[in-house]
Amino acid sequence: MKKISLFVSFMSLLFAGAVNAHGPVRGKLTASVTINASAEQVWDVIKNYDDMSWHPSIKSTTADKGNKKGSVRVLTLANGGTITEEMKAYKANKMSYKYKIIDMSTTGTVHHAGQDEPIPVLPVENYAATLSVKDKGGKSVVTWVATYYRGYVNNNPPAELNEEAADKAVTAVLTDGLASLAQKFDASASSSDVKIKLKR
């Protein structure tokens, strides 16, 4: 009986260690907002891949192939950072497009596990997102879905590159963008109108 108890205790410790030392887990964050305007009116504001002037954190945008698949755009942020993204799909008839981050500038480094780790302007890895608009009884529902991993791919990430940091940063990007978009049609709209759902 004593041997069985020791074995169970050992396995419990082993399992707990495995859980605490897990690698990156994919996050899926869905942000949505209902706007009192037609889907066509809202889509007209966000449909151009080379124009994100509706997002308050983005200073300027360039894209080498407009709304064509494979188009690479560079977002220059208000803080001076840059994010480079590639268009993966564009469906005008469904009022949606999908893109993926392929490069980012950094805000600095954090010394962790014996080396300096760069901190991207958005602390995530393998980030892709889809932005879409749908009609709902004459109003529009804008949905922005982002999938990503934390910025540190090994076990035991530093605070700057863990899941919490990634979730917080992505939530801010999507919430600020959708709230600002809604305010173009209703000045009283705010970030509290944006619904957030996170799955991991």
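**A friendly note on the aromatic cluster and its surroundings**

1. A good place to start is one aromatic cluster made up of Trp 43, Tyr 49, Tyr 90, Tyr 97 and Tyr 99. Rings of Phe, Tyr and Trp (its six-membered ring) pair if their centres lie within 6.5 Å; planes under 30 degrees apart count as stacked, over 60 as edge-to-face and the rest as tilted. By this rule there are six aromatic pairs.

2. Before going on, please keep in mind that this is a predicted model, in which local features need pLDDT of at least 70 and side-chain atom pairs count only at pLDDT 80 or more, while totals for chains, interfaces and linings use all residues. Residues are numbered from 1 along each chain as its sequence is written, and side-chain values use heavy atoms, with hydrogens and water left out.

3. How are the rings of Tyr 90 and Tyr 97 arranged? Their centres are 6.1 Å apart and their planes lie at 15 degrees, so this pair is stacked. Tyr 97 also pairs with Tyr 99, but here the pair is tilted, with 6.1 Å from centre to centre and 50 degrees between the planes.

4. Are these tyrosines buried or exposed? Buried means under 20% relative accessible area, exposed over 50%, and partly exposed in between (1.4 Å probe, protein chains only). Tyr 97 and Tyr 99 are both buried, and Tyr 97 has a relative accessible area of 1%. Tyr 90, at 22%, is partly exposed.

5. Tyr 99 has a charged partner too: the charged end of Arg 73 sits over its ring, 4.8 Å from the centre. (For this, NZ of Lys or CZ of Arg must be within 6 Å of the ring centre and within 35 degrees of the ring normal.) The side chain of Arg 73 also makes a polar contact with the side chain of Glu 85, at 2.7 Å. A polar contact is a pair of N or O atoms within 3.5 Å; within protein, one must be able to donate a hydrogen and the other to accept it, and residues adjacent in sequence count only if both atoms are side-chain atoms.

6. Glu 85 belongs to strand β4 (residues 82-91). Helices (H or I, at least four residues) and strands (E, at least two) are DSSP runs, numbered from the N terminus. Glu 85 is buried, with a relative accessible area of 3%. Leaving aside neighbours within four places in sequence, the contacts of Glu 85 (heavy atoms within 4.5 Å) include Tyr 49, Arg 73 and Tyr 99.

7. Which residues of α2 are buried? They are Ala 39, Val 42, Trp 43 and Ile 46. These residues cover an arc of only 100 degrees around the axis (taken from the directions from the helix axis to the C-beta atoms), which puts them on the same side of α2. They pack against β1, β4, β5, β8, β9 and α3.

8. Arg 150, in strand β9, is another charged residue to look at. Arg 150 counts as buried, at 1% relative accessibility. A polar atom of its side chain lies 2.5 Å from the backbone oxygen of Asn 154, and its side chain makes a polar contact with that of Glu 163, at 3.2 Å.

9. Finally, the whole protein: its secondary structure comes to three helices and 10 strands. Of its 200 residues, 38% count as buried.
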